[in-house]
Amino acid sequence: MRAIFKIALGIIAAIGGFLDIGDLVFTTQAGALFRYDLLWAVVLGVVGIAVYAEMSGRVAAVSGRPVFDVIRMRLGFGMGLVALVASTFVNLLTLAAELGGIAIVLELLFDAPYSMFVVTGAVALVGIVALLPFGGIERFFGYGGLLLLVVVATVYHQDPNWGDVAHGFVPTLDSSALYLYFVVGVFAAALMPYEVHFYSSGAIEEGWSEQNLKENRLNAIVGYGIGGILSVALVIASGYLFHPLGVEPNDLGTVALPMQGAFGETGLLLALGGMLFCVGGAAIDSSFAASYNLAQFLGWEWGRYQGPRRAPRFTASWLVFLLLGIAIAQSGINPVEITEYSVVFSVVALPLTYLPVLLIAGDRSFMADYANGRVATTLGWLYFGVIVVLAAAAIPLLLVTNAGGG
Amino acid sequence: MSGPREKTLRLRVLALLLPAALAFAPTGCGELSNDELNRGVESLSALAAQGQLVAGGVARDATKTTYARAMARTLGEEAQHEAEKLADATLEEPETADQRHAAVAVAGEIAGLLSELQTFPGDERHGALVQKHLAEAQEKADAIVAQLSGDAP
Amino acid sequence: MKGEGEIYVVHRLLDEQICDSEGRRVGRVDDVELRGDPPRVTALLVGEGLYPRRLPRRLARLVRRISGPERWGGNALRIPWEEVDELTSTVKLRKKAEDLGLGMGDDPERWMVRRLPWN
């Protein structure tokens, strides 16, 4: 029994904040607009990131190569540079959105202006990174993110029509552009690549080897499984409350309303607290992912464990990305809007960073006995197909639906 | 790297960059079609609905005042923005002038009610009143939508 | 047959992470020097000065603006093939980074010196 508990804690720590502002925004909007009809798309995205993360973790453990090492090796310098630029652009947007999200939640909890909270939040993040060990950082945000279990409690309290909910897990393709936009959005928000880039680099920071492969698989299945349950709960809670009322959730604070409705101020505080930890963890993950990718691609020394003395360029780039993120978050653009773009652009760039990992994970000359088996190969290529289709459809749908505004 | 694959990947990069520039380009404002007017009033109805949820929380003393205040401010700003947008635009179909006038009035009402909630986020009585009036405003907005749909060919 | 083997080695070497004898990461194989007939790998080439070589013409011009022209000993370094110890998931070198002029970008001395206002 203790062993299971220990494993569970390890998984929670490894995933470190299951949801980010993209998940919060898109699941809530999806529920409000389409009630339970997009639950299948959430599941599709969650399974997708589990597949991608498992492969990346396995590649890192067996070959010692993080994602952008694989990308430079497989795509070469030219296309690899394209992948790096696209990835950095998306990570910066994401980071800005998360920093903005932190500020919005703090604004909802305390009485002070947004711009002050952007800077305060960023400073707090730097402090946390500087003071806590790597594992401690992930534990901090992972456990804190569990506060969002109040959403699951809310769904239980709401007691929706479970038949309707079940129906939502069956994939249906409405022809409306808005519906399709949200299929892409919900999927893309679940499959944000920075999470996987962070995870694979973290595996190498922790010194993973073949012995960690079981842990890797558990992290992927259980860790993202928990994230999936939370995302599903958010869609249901939002759909139950907002859909019949015609509410359009365009603000981050709206995400917490169902929890306020079910459990009053306690529910509200738990929800806001959970959101704060999730978005905070995501800000750290996305900022590190940006630095990891840059350093790995160029061959610099990198790693949180190395510290600023041994990896000064890596550390400096991290601070620069943070400053750029703060600047964008302060620019006056609504973080929720930045989120819409970061999620959509992320899926457009996804094929470039997914394919090399898929190819290496299946390559016996790199992976020996640990190359993709039949299940991993099938799932891996299936998801590549899905990703390519969604990547092609993403921007046209963004334009046609005016970023989900209708 | 094989040629064709490089080419498709390059196309994908262009697909990322060009529409990105377009997406960030400012949208032209001014002309308001029947559909857009409809959309605007629907969003007013949605704002009123959400405002009722926030006000309801205040009324039941089941929320945090900072949250209620911040939400009321954000929603109020959106209502105000919608009011200005509807007031400034030129109508494609002049017959909808009455509906547009009514819509701007409702938007102003909603903004005013939310502003009150923003000022008194801890007052339960005020919360209950705002909730009631927002419900009335929402009904007015829904009525305008119905009129517009009836007018549509 | 021998030609294919050489191409494979180049392919295998290019873009690989380079580590020095102490395991420090000190850059990637940005280009490979081939000499002789049949061609043999005589050196690894490392540095931002080599990036423009790897890019299509227009992009190369832009990147050259940033990395500067090839300056051997500066932004372009030549690591003789004899310095390579082993080739696993990284290219491991026999010597420490400083002895070969590698990894100067991460040299802590450089960073601290830069921060002093009177330098």
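**Exercise 1. Contacts of I110(B)**

Task: In this predicted model, list which residues I110(B) touches, not counting residues up to four places away in sequence. Then place I110(B) in a nonpolar core.

Solution: Step one is to go through the neighbours. I110(B) touches L44(B), L47(B), A48(B) and G51(B), and also A79(B), L134(B) and A137(B). Step two is to look up the core. I110(B) belongs to the largest nonpolar core, which has 196 residues, and together with V186(A) has the most contacts inside it. Step three is to find the main contributor: α4(A) gives the most to this core, with 26 residues. Finally, there is a second, separate core of 14 residues, and I18(C), V26(C), A76(C) and L100(C) are among them.

**Exercise 2. Which chains touch**

Task: State which of the pairs of chains that touch has the most contacts, and describe the two sides concerned.

Solution: Start with the pairs. There are 2 pairs of chains that touch, and the most contacts are between chains A and B. No contact joins chain B and chain C; their closest C-alpha atoms lie 11 Å apart.

Now take chains A and B. Here 27 residues of chain B are in contact with 33 residues of chain A. On the side of chain B, the elements giving two or more residues are α1 (3–24), α2 (34–59) and α3 (65–88). Of these, α1(B) gives the most, with 10 residues. Sorted by class, this side of chain B has 16 nonpolar, 7 polar and 4 charged residues.

Next take chains A and C. The contact takes 18 residues from chain A and 17 residues from chain C. On the side of chain A, α4 (67–109) and α14 (312–330) are the elements that give two or more residues. The most comes from α4(A), with 6 residues. By class, this side of chain A has 7 nonpolar, 5 polar and 6 charged residues.

**Exercise 3. The buried side of a helix**

Task: For helix α6 of chain A, compare the span with the expected value, then explain where the buried residues sit around the axis.

Solution: First the span. Helix α6(A) covers residues 134–145, so counted as 12 residues, and reaches 17 Å from its first C-alpha to its last, close to the 16 Å expected at 1.5 Å a residue. Then the burial. In α6(A), the buried residues are I137(A), E138(A), F141(A), G142(A) and G145(A). These residues cover an arc of only 120° around the axis, so they lie on the same side of α6(A).

**Exercise 4. A strand pair in chain C**

Task: Give the order of elements in chain C, then work out which side chains of strand β5(C) are buried and which are not.

Solution: Begin with the inventory. Chain C has 4 helices and 7 strands. From the N terminus on, they run α-β-β-β-β-α-β-β-β-α-α. Of the 119 residues of chain C, 26% count as buried. Among contacts in chain C between residues at least 6 apart in sequence, 46% join residues at least 24 apart.

Next recall the rule: in a regular strand the side chains alternate between the two faces of the sheet. Apply the rule to β5 (residues 77–80) of chain C. L77(C) and I79(C) point to one face and are buried, while R78(C) and P80(C) point to the other and are not.

Last, find the partner. Strand β4 (residues 40–46) of chain C is joined to β5(C) by 4 bridges, and the two run antiparallel. In this pair, V46(C) stands opposite L77(C).

Methods: Residues are numbered from 1 along each chain as its sequence is written. Chains are lettered from A and ligands numbered from 1 in the order in which they are written. This is a predicted model: local features need pLDDT of at least 70, side-chain atom pairs count only at pLDDT 80 or more; totals for chains, interfaces and linings use all residues. Two residues are in contact if their C-beta atoms, placed from the backbone, lie within 7 Å. Ala, Val, Leu, Ile, Met, Phe, Trp, Tyr, Cys and Pro count as nonpolar, Asp, Glu, Lys and Arg as charged, and the others, Gly among them, as polar. A nonpolar core is a set of buried Ala, Val, Leu, Ile, Met, Phe, Trp, Tyr and Cys residues joined through C-beta atoms within 7 Å. A residue is buried if 20 or more other C-beta atoms lie within 10 Å of its own, exposed if 12 or fewer, and partly exposed in between; C-beta atoms are placed from the backbone. The arc is that of the directions from the helix axis to the C-beta atoms. Two strands pair if DSSP finds at least two bridges between them.
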